[in-house]
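Open the model in your viewer and keep the sequence beside it. The stops below say what to select next and what is there.

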Amino acid sequence: MNNLNPVATYALRLGDNGLVLAQRLGAWCGHAPELEIDLALANIGLDLLGQARNFLSYAAELAGNGDEDTLAFGRDERQFRNLLLVEQPNGNFADTIARQFFIDVWHVALFTRLVNSRDKQIAAIAAKGLKEVRYHLRFSRGWLERLGNGTDYSAQLMQKAVDNLWRYTGELFLADELEIALARQGIAVDPRELQTEWQMTVHTALIDSGLQVPQEAAFRNGGKQGLHSEHLGPMLAEMQYLQRAYPGQQW
């Protein structure tokens with residue numbers, strides 16, 4: 001899937017974000033602190049997987065080659081274009097909530113704007129996904145506040161999770177030539193436009209949760225260009241094993 005046209009590449013990036021995060025959330029199944037949380041994380045993962053299928057199917061259609069399964073299971077690590085944030089390990093429950101909250105705020109801001117995309121398919125996927133990510137944000141913010149305003153120990157874990165993942169949030173707002181060009185055409189959203197809204201929402205939520213806004217510069221990036229952290233490769237090896245071992249097999 002090399003040399004994709006710009007719209008296909010943009011759809012691929014959005015699809016990879018959902019696919020990788022869905023895989024991370026799926027790993028919580030049977031391991032969450034409570035049954036209700038277990039079901040909630042699984043449902044959020046399924047929502048994200050559905051969004052990923054829609055975006056990846058569209059990318060494959062534009063490329064005229066393969067389908068969403070080809071893209072999900074047939075690419076190597078350097079061919080994935082997801083943000084670094086979504087590939088970070090689940091860690092403890094506070095780590096998962098911080099990761100989810102950061103991306104949920106971004107997703108809501110992004111999809112709110114993408115529903116007006118001149119590309120009808122992208123606009124339709126965003127319109128359906130917007131209803132889902134708004135629920136995701138209610139869930140993650142609710143738990144951010146519960147843990148932050150809970151016991152001293154839960155607050156300590158929540159603050160540590162926020163601090164550790166903060167370095168990956170700057171990439172949410174880095175725009176490259178592809179995004180800027182598509183934004184000028186009314187197809188994509190310039191991610192720089194999302195930063196003020198994201199910061200206001202996140203800062204307010206952290207303060208309401210009794211947590212500190214990290215002062216460290218958010219400096220890690222490269223995911224959209226295929227430069228990933230050490231965590232993506234092992235996750236893909238597990239996710240892609242069956243298709244790699246038995247290529248082309250169907251149930």
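Begin with Arg-113, which is partly exposed at 28% relative accessibility. The term partly exposed covers what lies between buried, under 20% relative accessible area, and exposed, over 50% (1.4 Å probe, protein chains only). This is a predicted model, in which local features need pLDDT of at least 70 and side-chain atom pairs count only at pLDDT 80 or more, while totals for chains, interfaces and linings use all residues. Residues are numbered from 1 along each chain as its sequence is written, and side-chain values use heavy atoms, with hydrogens and water left out.

Now add Glu-197. Glu-197 and Arg-113 form a salt bridge, with the closest N and O atoms 2.9 Å apart. A salt bridge here is a side-chain nitrogen of Lys or Arg within 4 Å of a carboxyl oxygen of Asp or Glu. Glu-197 sits in helix α8 and Arg-113 in helix α4, so this pair links distant parts of the chain, 84 residues apart. Helices are DSSP runs (H or I, at least four residues), as are strands (E, at least two), and both are numbered from the N terminus. Glu-197 is partly exposed, at 31% relative accessibility.

How many salt bridges are there by this rule? The count comes to 11.

Select Arg-13 and Asp-176 next. Their salt bridge has its closest N and O atoms 2.6 Å apart. Arg-13 is in helix α1 (residues 6-26) and Asp-176 in the loop between α6 and α7, 163 residues apart. Is Arg-13 buried or exposed? Arg-13 counts as buried at 8% relative accessibility, and Asp-176 counts as buried at 19%. Add Glu-179 and Lys-224 to the selection: with Arg-13 and Asp-176 they are linked in a network of salt bridges.

Move to Arg-53 and Glu-68, whose side chains meet in a salt bridge of 2.8 Å, N to O. Arg-53 lies in helix α2 and Glu-68 in helix α3 (residues 68-73), so the pair ties together parts 15 residues apart in sequence. Arg-53 is partly exposed at 47% relative accessibility, whereas Glu-68 is buried, with a relative accessible area of 13%.

Stay with helix α2 and select residues 35-63. The expected span of a helix is 1.5 Å times one less than its number of residues. For the 29 residues of α2 this gives 42 Å, and the end C-alpha atoms are 41 Å apart, which agrees. Just after α2, Gly-64 takes a positive phi of about 70 degrees.

The next stop is the aromatic rings. Rings of Phe, Tyr and Trp (its six-membered ring) pair if their centres lie within 6.5 Å; planes under 30 degrees apart count as stacked, over 60 as edge-to-face and the rest as tilted. The count by this rule is eight aromatic pairs. One of them is Phe-93 with Trp-143, edge-to-face, at 5.3 Å centre to centre and 80 degrees between the planes. Phe-93 lies in helix α4 (residues 93-114) and Trp-143 in helix α5 (residues 120-148), so the pair ties together parts 50 residues apart in sequence. Both Phe-93 and Trp-143 are buried.

Select Trp-166 and Trp-198. Their ring centres are 5.7 Å apart and their planes are at 45 degrees, so the pair is tilted. Trp-166 is buried, with a relative accessible area of 8%, and Trp-198 is buried, with 2%. Add Phe-101, Phe-102 and Phe-173 to see one aromatic cluster together with Trp-166 and Trp-198.
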